[in-house]
Amino acid sequence: MSKKRISVKFGGASGQGINTTGLLLSKTLNQEGFKIFAYREYPSLIEGGVASYQVDFSGSQINSSSKYCNILLCFTQESLDEYLEDVKENGIVVYDFKDNTFSDEQELLIKDRNITTIFIDSKTVAINVGGTEIMSNVVMLGLLWKILELDSEILVEVILDFFKSKNIDLEAEKKAILAGYESPSYRPELSKKFDLPKTDIFKQKSLVMTGNHAIALGAIASGVRAYYGYPMTPATTLFKFLGDTAKETGMLVKQAENEITAVQIALGSMFMGTRALVGTSGGGFDLMIETLTCAGISETPLVIFLSQRTGAATGVPTWTGAGDLNTAVKGGHGEFPRCVISTSNIQSSYTLIQESFNIAETYQIPVIILSEKQISESLFSIKALPKNIPIERNLSEGELRYKIADSGISPRWLPSKEKKPYLHNSDEHTEDGTATEESEMILKMSDKRMKKLSLLKEALPEPKFYGNKNANTIFVGWGSVKNTILDIINIEHDIGYLHYEYIYPTKTKTLEGLIANEKRLVLIENNQTGQLGSLIKEEIGYEFNEKVLKYDARPFFIEDILDFLKN
């Protein structure tokens, strides 16, 4: 399959249907057999501002976005002004607002890059065929589909299927699509600007979903029976998906009045034996930390899904970043064992949420599973979901709930009429749960709990290596940077990548081997301070000499890493 990609970007305002338009394009390209990756940018506004949705597609697997696009379709003047500089040489710009005039600077850029500009009055076109102004989006999709020289039947089929349950005139919708497809604004030479990637429609069809959809499906597969949360971007779409499917799955989905209540209900549910998930983003996680410490000392399994965005306080709440690793690893008062895991794509989101519950219940500890806006809300292609992970609950009966066991793992059984009752205490306690302030017992219980961290560290896998094992340059990272690096490996074969999914407790044997072989190791993170690098330094004293750190609320684009390698 070709490794060539084409990038299409839609620009407009929030509330203008940009997200739906990008989703429809992604679904239709998938039906044509293309592999897609779709990335969206939008302001923290219900309406207005400037938003975009970019779909990169190829005949072979792609995992991240290009910084630039081949085709830009704009619904507002503001979006055209914002994104014109993102158009590649020999690109196409389509806009649908009248009386547009390009500035002298824009005209020069258009000339220098040989960009073709096209005006189509998509709103008038939609109205003239019996539709409404909102159907201007599918008029633009119709024109785009013609430029790509793809069959209009598949486009019509996908769009009408998407809108069939909505109160929309489907016949007018179809006419609007075909009016765009047959628009006189199209010229045959436009299609000659692109060498469309080759694909096999019968072999290449994939599932298309976001990271949050994969987390939700993985949670269902792992036996989660309750989800609690308070809406907070970018974790909200997980909440919505589980809510929309609650009748089908039988899951209890509850919006609490705040994040403190949400995590406490989740802790109570896990105490009683129900696998419950709680989800949030940075500021919400801060509010959950006191309950996190309660789970630590009471040895109650707890799983928190933390989808990261950028900035302290409110920061830039609808943009991406990976700056919450420190608080996930170290947040909370006192000392207690925990596990921190990070997703990167559909496969890891689906499997790691299942692993999180097994770890939480096996070791009776809190587990924080990290994602990012870039993972949570982007669309990925995947042939099929991975196999489910067997459920491991590690329940056992005993006389003493907090028995000082050699492994550090005490017996845990669920409260019920048939079982021996026990005290569940957030104060320091004795083996039977009675609160204590006695020095020797405090030491014994603290040491018992911390034994679990060593046991867990032994059981966790080493970070995974990708690419050329003989390469001199090897990147080390976590989270969504993996996706961009994998795309680079397909272009630049002389690099490697060491990827951390299980971040804490931190495994370093593989990394130490690379250090011993004197490889050029480059830390790559989507934050300002290199938080994984700091953890590694604490663990083995190694300081990365080279770091690629990005913290402008954008993900790593393929050009970011290619430019680093060139320079």
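**Exercise 1. Overall composition and dimensions**

How many helices and strands are there in the chain? Describe also the overall dimensions of the chain and its burial.

*Solution.* The model is predicted. Step one is the secondary structure: the chain holds 22 helices and 20 strands. Step two concerns extent, where the C-alpha trace spans about 85 × 60 × 45 Å along its principal axes. Step three compares the radius of gyration with expectation: a compact globule of 567 residues would have a value near 24 Å, and the 26 Å of the chain agrees with this. Step four turns to the interior, as 57% of the 567 residues are buried. Finally, among contacts between residues at least 6 apart in sequence, 73% join residues at least 24 apart.

**Exercise 2. The eight-stranded sheet**

Determine the strand order of the open sheet of eight strands, and explain why β6 and β7 each have one side without a neighbour in the sheet.

*Solution.* The order is β6-β5-β4-β1-β3-β2-β14-β7, and the pairing is mixed. β6 (116-119) and β7 (207-210) occupy the edges; each has a single partner strand, so one side of each lacks a neighbour in the sheet. On average, neighbouring strands are turned by 20° against each other, direction ignored.

At the β6 edge, strand β5 (residues 87-95) runs parallel to β6 and is joined to it by four bridges. One residue pair can be named: Tyr95 has Phe119 in β6 as its bridge partner.

The helices packed on the sheet come next. Helix α5 (residues 136-147) lies across β1 (5-14), β4 (69-74) and β5, and runs at about 155° to β4. Helix α10 (residues 211-221) touches β7 and β14 (379-382), with its direction at about 95° to that of β7.

**Exercise 3. The two faces of helix α3**

Which residues of helix α3 (residues 104-112) are buried, and why do they line one face of the helix?

*Solution.* The buried residues are Gln106, Leu109 and Ile110. Viewed down the axis of α3, these buried residues fall within an arc of 100°, so they line one face. The general rule behind such a pattern is that an α-helix has 3.6 residues a turn, so residues three or four places apart point the same way. The face of α3 turned away from the buried side carries the exposed residues Asp104, Glu105, Leu108, Lys111 and Asp112. The cover over the buried residues of α3 includes α2 (77-83) and β6. Just after the helix, Asn114 adopts a positive phi of about 55°.

**Exercise 4. Nonpolar cores and a buried threonine**

Which members of the largest nonpolar core touch the most other members? Establish also whether Thr484 is buried or exposed.

*Solution.* The largest core has 70 residues, of which Leu277, Leu325, Ile359 and Tyr500 touch the most other members. Helix α16 (residues 346-363) gives the most to this core, with six residues. Setting aside neighbours within four places in sequence, Ile359 contacts Cys339, Ile341, Gln364, Ile365, Val367, Leu456, Leu460 and Tyr502. A second, separate core comprises 45 residues, among them Leu29, Ala38, Leu73 and Phe163.

Thr484 is located in helix α19 (residues 481-489). Its relative accessibility is 2%, and Thr484 therefore counts as buried, the cut-off being under 20%. Apart from neighbours within four places in sequence, the contacts of Thr484 are Ser64, Phe556, Phe557, Ile558 and Ile561.

Definitions and conventions: Residues numbered from 1 in each chain as written. Predicted model: local features only at pLDDT ≥ 70, side-chain atom pairs only at ≥ 80, totals over all residues. Heavy atoms only, no water. Pairing = 2+ DSSP bridges. Helix = DSSP H or I, 4+ residues; strand = E, 2+ residues; numbered from the N terminus. Axes fitted to C-alpha atoms, helices over the stretch in contact; angles between N-to-C directions. Contact = heavy atoms within 4.5 Å. Core = buried A, V, L, I, M, F, W, Y, C linked by side-chain atoms within 4.5 Å. Buried < 20%, exposed > 50% of the residue type's maximum accessible area, 1.4 Å probe, protein only. Arc of directions from axis to C-beta. Rg over C-alpha atoms; globule rule 2.2 N^0.38 Å.
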